[in-house]
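Reader: Hey, got a minute to walk me through this one? I'd like to hear about the pockets and anything odd in the backbone.

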Amino acid sequence: MRKTQKGYFGEFGGSFMNNEIQRELDKIEVAYRKLAKDKAFISELRQLQRDFQGRPTPLYYCKNLTKKMRAESGKDFGAKIYLKREDLNHTGAHKINHCMGEALLARYLGKRKIIAETGAGQHGLAIATACAYFGLECEVHMGEVDVIKQSINVEKMKLLGANVITVMNGQRTLKEAVDSAFVAYEQDLENSIYCIGSVVGPHPFPTMVRDFQSIIGKEAKRQIKRQDKKLPFAIVACVGGGSNAIGIFHDFIEEENVFLYGVEPLGRGEKLGDHAATMTYGKKGIFHGYSSTFLQNDDGTIADVHSISSGLDYPGIGPEHSYLNSIGRVKYVTCSDQDAMNAFYLLSRTEGIIPALESSHAIAFGCKLARTLPSSESIIINLSGRGDKDIATVTRLNP
Ligand SMILES: *Cc1c(COP(=O)(O)O)cnc(C)c1O
C-alpha cells in the first residue's frame with residue numbers, strides 16, 4: 001500500500017490502493033487535470049449538459065409548500081422554499097452530471113469499457129446511459145438486495161446494453177457492490193475505467209466527481225440571484241456519499257453567510273446498524289481506498305447500515321465532507337425513515353412533484369428549518385432525484 005499526498009482535504013482523502021491500481025489512477029489524474037482546462041472537452045461537456053441532459057435545471061419556488069409551512073409557523077415566520085430540480089435531469093437524478101463527464105473522460109483516454117457499482121440503481125442507470133451514448137461497454141455491480149428492490153432500474157440498465165452483475169456476499173448492498181467492482185477493475189486496468197457513484201473512493205475520484213457535480217451550485221447561485229435578488233439563508237441537501245450535496249454546496253462555500261446543511265439518514269433510529277448517518281455517528285478511518293469518516297463497530301470493522309433509500313445506504317462519506325465538517329463550514333443533521341416518508345407524501349401532494357426518497361430526507365429537514373426562519377428569508381433544497389423508482393417501496397409500507 002502506498003500513500004500519496006495528493007487529493008487531501010485537510011487530513012481526509014488520499015489514495016490507499018495497491019501499486020497497480022495506483023499507477024492507473026495516477027494516469028487518470030494527470031489526464032483529468034489537463035482535460036479540465038481543455039476547451040474542446042469543456043465545450044463538448046457543456047453541449048451534452050444542455051442538449052442531452054436538459055440543463056440548466058430549474059430553480060423552482062414552492063408556493064404551495066411555503067404557504068403550508070407559513071400556516072404552521074408563527075406570524076412572519078416560514079422562509080420561502082426553493083427546489084433545485086435535479087430530478088428533471090435525463091434519467092431522473094443528479095448522477096448523470098458526473099457520469100457524462102467520466103464517460104467523456106473515458107473516451108478521451110481511449111478506454112473501451114466502464115466498470116461501476118450502484119446502490120439504488122440510479123448511478124448504474126446514469127452510467128449505462130452515458131455508455132450507450134458514447135458506445136462504451138458497461139459493467140454494473142449491484143447487491144442482490146438492491147437488485148430486488150430496484151428491479152425497474154435493473155431492467156432499464158439491461159435495455160441500455162449494460163451487463164449487470166449481482167453481488168451475493170455480505171449485506172448484499174452498496175458496500176459489497178463497491179468491493180466487487182474494484183476487484184473487476186483490477187483485472188482489466190488496461191481496457192477499462194472505474195466510474196464511482198459519488199464523491200468517495202481514492203483520489204482523484206472525489207475531486208473529479210465534485211467538479212462535474214458543481215454545475216448544480218453554479219446554476220443555483222445564478223438563478224437565486226436573479227429570482228430572489230439575494231443569496232439564500234441556507235442550502236439543504238441529503239448526503240449518502242455526498243455528491244449532490246457537494247455539487248450544490250461548492251459554489252457557496254466562500255459565501256460565509258449562507259448556511260449549509262447535509263442531511264443524513266437516521267433510518268430506524270440511533271442504534272448502530274439501524275441507520276447510515278456516517279458523519280453524526282462515525283469515526284475516522286480508511287476504507288474503499290480513502291481516508292474519511294466511517295460507521296465502525298467497536299473493533300474498527302465497517303458497520304452494517306440501514307436506510308429506507310438505497311441511495312443513502314453507505315457506511316462512508318466523501319473526504320471533502322469530513323473536512324467541511326471538521327472546520328464547521330457544513331452542519332450535518334439527520335432525518336429518520338419515517339420523516340423522509342412523510343416528506344415524500346407532503347411534496348407529492350402540495351406541489352405535484354414526487355421526490356426520490358433520498359431527496360425526501362432533505363425536504364423533511366428543509367421544511368423544519370423553513371418554519372423557524374423569518375418569512376423574508378429563503379432556502380434552497382436540492383431535489384436530487386425523482387421518486388418513480390421508490391413508489392413500490394413506499395406503497396408496500398403504506399398499503
Ligand atoms: C444516489 C443518490 C443520492 C445519494 O448520493 P450522493 O452522492 O450523496 O448524492 C441522493 N439522491 C438521489 C436521487 C440519488 O440517486
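Author: Sure. One bit of vocabulary before we start: Ala, Val, Leu, Ile, Met, Phe, Trp, Tyr, Cys and Pro count as nonpolar, Asp, Glu, Lys and Arg as charged, and the others, Gly among them, as polar. Also keep in mind that this is a predicted model.

Reader: Got it. So how do the residues lining the largest pocket divide by class?

Author: Ten are nonpolar, four are polar and nine are charged.

Reader: And how much space lies in that pocket?

Author: The largest pocket holds about 610 Å³ of space. Its lining is made of 23 residues, and Ile-42, Leu-45, Arg-46, Asp-211 and Lys-218 are the closest to the centre.

Reader: Which helices supply at least two residues of that lining?

Author: Helix H1 (19-35), helix H2 (39-53), helix H9 (205-213) and helix H10 (215-228) each do. H2 gives the largest share, with six residues.

Reader: OK, switching to cavities. How many of 30 Å³ or more turn up in the whole structure?

Author: The search finds one. The largest cavity has a volume of about 370 Å³. There are 31 residues in its lining, and those closest to the centre are Lys-95, Gly-197, Ser-198, Gly-241 and Gly-311.

Reader: What's the class split there, for the lining of the largest cavity?

Author: The cavity lining has ten nonpolar, 17 polar and four charged residues. Among the elements that each supply at least two of the lining residues are strand S7 (113-118), helix H5 (122-134) and helix H15 (357-372).

Reader: Where does the ligand go, then?

Author: The space the ligand takes is the largest cavity.

Reader: How many residues surround the ligand, and which are the closest?

Author: There are 17 around the ligand, and the closest are Lys-95, Ser-198, Gly-240, Ser-243 and Ser-384. By class, that shell has four nonpolar, eleven polar and two charged residues.

Reader: What does the side chain of Lys-95 do with the ligand?

Author: An N or O atom in the Lys-95 side chain is 2.7 Å from an oxygen atom of the ligand. The backbone joins in as well: an N or O atom of the Gly-240 backbone lies 2.7 Å from a ligand oxygen, and a polar backbone atom of Gly-242 is 2.7 Å from an oxygen of the ligand. The protein covers 97% of the 380 Å² of accessible area that the ligand has on its own.

Reader: Now the backbone. Is the peptide bond from Arg-55 to Pro-56 cis or trans?

Author: That bond is cis, with omega near 0°. Pro-56 sits in the loop between H2 and strand S5 (59-61).

Reader: And what about the bond from His-203 to Pro-204?

Author: The His-203 to Pro-204 bond is cis, with omega near 10°. You'll find Pro-204 in the loop between strand S10 (192-194) and H9.

Reader: Why bother flagging cis bonds or a positive phi?

Author: Because most peptide bonds are trans, and most residues other than glycine have a negative phi.

Reader: What's phi for Asp-76, and where is that residue found?

Author: Phi of Asp-76 is near 65°, which is positive in a residue other than glycine. Asp-76 is in the loop between helix H3 (63-72) and strand S6 (80-85).

Reader: And Thr-91, is phi positive or negative there?

Author: Positive, with phi of Thr-91 near 75°. Thr-91 belongs to the loop between S6 and helix H4 (96-108).

Note on methods:
Residues are numbered from 1 along each chain as its sequence is written. This is a predicted model: local features need pLDDT of at least 70, side-chain atom pairs count only at pLDDT 80 or more; totals for chains, interfaces and linings use all residues. Side-chain values use heavy atoms; hydrogens and water are left out. A residue is near a molecule or strand if one of its heavy atoms lies within 4 Å of it. A polar contact is a pair of N or O atoms within 3.5 Å; within protein, one must be able to donate a hydrogen and the other to accept it, and residues adjacent in sequence count only if both atoms are side-chain atoms. Accessible areas come from the Shrake-Rupley method with a 1.4 Å probe; for residues, only the protein chains shown count as cover. On a 1 Å grid over the protein atoms alone, a cavity is a set of points where a 1.4 Å probe fits but cannot get out, and a pocket is an open set with protein on both sides within 12 Å along at least five of seven lines; lining residues have an atom within 4 Å of a point. A molecule sits in a cavity or pocket if more than half of its atoms lie within 2 Å of its grid points. Grid points are joined across faces, edges and corners, and a volume is the space filled by probe spheres set on the points. Helices (H or I, at least four residues) and strands (E, at least two) are DSSP runs, numbered from the N terminus.
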